[in-house]
Amino acid sequence: TPVHDAFWPWRKVFLDCPGVRQGTYVDGAKMLNYFIKREKDAAKKDALIDTLMMLYDTRIEYFGREGYVLGRKGVDLYSLRNKDYEKVYNILSKSVELEGNKSYPDVLVFYLRATHKMIEEGKADETIMFDNYETSNNIIEANLEKYKDKPKSLANWENVRGNNDLIFEPYATCEAIIKIYTPKFEENPEDIKMLQKLTKLLDRKKCTDDQLYFDATVKLYELEPSHESAYLIGKMLMKNQEYAKAIDYLKEGEALED
């Protein structure tokens with residue numbers, strides 16, 4: 001096949017001139033993935049995967065872009081050999097740390113998948129899911145804003161958000177959310193983004209009877225008045241039979257929106 005014909009000349013260039021062109025590494029990754037997906041012998045397949053991982057390390061050595069390349073390396077390793085989930089987790093944690101909002105969409109999905117695997121296998125506490133989901137979500141929100149006028153890219157990032165929400169969903173019990181976010185709320189009650197995220201999360205999970213939901217919603221309204229917040233507060237006060245206070249908030253909400 002053309003891929004087999006190209007492999008040996010490529011190998012010679014890679015071994016003899018590793019710093020000549022970055023394309024050597026792009027082409028090499030494509031060829032190795034091609035061979036790995038078609039190899040039936042487990043030992044040979046493992047050796048090819050190890051070669052691919054070495055290829056990524058060598059690319060970083062000669063051409064830098066560590067965060068980006070680690071992202072490609074981690075995604076490939078999880079896709080090809082997910083028993084190495086701990087290595088993947090460390091690789092993608094570093095990639096996300098280095099790339100931040102420039103992280104590629106698939107990196108964030110595999111980052112949360114590896115996080116889930118770490119927890120599932122008892123290698124990490126559940127709290128890391130909340131931290132890593134928050135990190136990923138902040139990057140996703142930044143890119144949704146960045147690409148709001150580019151439908152194709154926007155749809156891609158919305159798909160990533162949907163995937164990550166599905167991974168996160170089983171961890172988001174009322175008890176866990178309240179345990180994680182109560183100290184965050186107490187430490188920084190004027191963090192608007194945190195309050196928005198917290199109230200949406202509690203609302204989505206139907207954790208609206210807890211005092212944290214009420215306190216966070218009231219604080220969010222104080223910092224950023226909106227008819228939605230006013231309505232929610234009024235509804236909660238009515239439930240507590242505090243009708244006079246409820247009327248005040250509902251009137252304020254009406255004044256903000258017809």
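How many salt bridges does a search of the whole structure find? I ran the search and recorded 19 salt bridges. I note at the outset that this is a predicted model.

**Entry 1. Salt bridges around Arg81**

I looked up Arg81 and found a salt bridge to Asp46, with the closest N and O atoms 3.0 Å apart. Arg81 sits in the loop between helix H4 (66-80) and helix H5 (85-99), while Asp46 belongs to helix H3 (residues 42-63), so the pair ties together parts that are 35 residues apart in sequence.

I then checked the accessibility of each partner. Arg81 has a relative accessible area of 11% and is buried. Asp46, at 28% relative accessibility, is partly exposed. The cut-off for buried is under 20%, so the two partners of this salt bridge are classed apart.

Arg81 also takes part in a salt bridge with Asp84, where the closest N and O atoms are 2.8 Å apart. For this pair I recorded that both Asp84 and Arg81 are buried.

Which residues are linked with Arg81 in a network of salt bridges? I listed Asp46, Asp50 and Asp84 together with Arg81.

**Entry 2. The pair Glu121 and Lys117**

I next examined Glu121 and Lys117, whose side chains form a salt bridge at 3.5 Å, N to O. Glu121 is partly exposed, its relative accessible area being 41%. Lys117 is likewise partly exposed, with a value of 22%.

**Entry 3. The cavity**

I searched the whole structure for cavities of 30 Å³ or more and found one. The volume of the largest cavity is about 30 Å³. I recorded its lining as Gly67, Tyr68, Gly71, Arg72, Ser95, Glu99, Ser103, Tyr104 and Val107. H4 and H5 are the elements that give two or more residues to this lining. H4 gives the most, with four residues. Sorted by class, I entered three nonpolar, four polar and two charged residues for the lining of the largest cavity.

**Entry 4. Two buried polar residues**

I looked up Asn143, which is found in helix H7 (residues 127-146). Asn143 is buried, with a relative accessible area of 4%. Setting aside residues up to four places away in sequence, I found that Asn143 touches Asn101 and Trp157.

Is Thr24 buried or exposed? I found Thr24 to be buried, its relative accessible area being 2%. Thr24 lies in helix H2 (residues 23-38). Leaving out its neighbours within four places in sequence, Thr24 is in contact with Trp10, Val13 and Phe14.

**Entry 5. The nonpolar core**

I recalled that, in soluble globular proteins, nonpolar side chains tend to be buried together. In this model I recorded 76 residues in the largest nonpolar core, and those with the most contacts inside it are Leu52, Ile177 and Tyr181. Helix H6 (residues 105-120) gives the most to this core, with nine residues.

I then followed Tyr181. Not counting residues up to four places away in sequence, Tyr181 touches Phe130, Met194, Lys197, Leu198, Leu201 and Leu212.

**Entry 6. The largest pocket**

I entered a volume of about 480 Å³ for the largest pocket. How many residues line the largest pocket? I recorded 16, of which Asn137, Glu141, Lys193, Lys197 and Lys200 lie nearest its centre. Lys197 is also among the residues that Tyr181 touches.

H7, helix H8 (151-168) and helix H10 (192-204) each supply at least two residues of this lining. H10 gives the most, with seven residues. By class, I noted four nonpolar, three polar and nine charged residues in the lining of the largest pocket.

**Entry 7. The second largest pocket**

I found about 240 Å³ of space in the second largest pocket. I listed its lining as Gln196, Thr199, Lys200, Asp203, Tyr213, Thr217, Leu220, Glu224, Ser226, Glu228, Ser229 and Leu232. The elements giving two or more residues to this lining are H10, helix H11 (211-223) and helix H12 (227-239).

Which element supplies the largest share of the lining of the second largest pocket? I recorded H10, with four residues. The lining of the second largest pocket divides into three nonpolar, five polar and four charged residues. I note that Lys200 lines the second largest pocket and is also one of the residues nearest the centre of the largest pocket.

Definitions and conventions: Residues numbered from 1 in each chain as written. Predicted model: local features only at pLDDT ≥ 70, side-chain atom pairs only at ≥ 80, totals over all residues. Heavy atoms only, no water. Salt bridge = Lys/Arg side-chain N within 4 Å of Asp/Glu carboxyl O. Buried < 20%, exposed > 50% of the residue type's maximum accessible area, 1.4 Å probe, protein only. 1 Å grid on protein atoms, 1.4 Å probe; cavity = no way out; pocket = protein on both sides within 12 Å on 5 of 7 lines; lining within 4 Å. Points joined across faces, edges and corners; volume = space filled by probe spheres on them. Nonpolar A, V, L, I, M, F, W, Y, C, P; charged D, E, K, R; others polar. Contact = heavy atoms within 4.5 Å. Core = buried A, V, L, I, M, F, W, Y, C linked by side-chain atoms within 4.5 Å.
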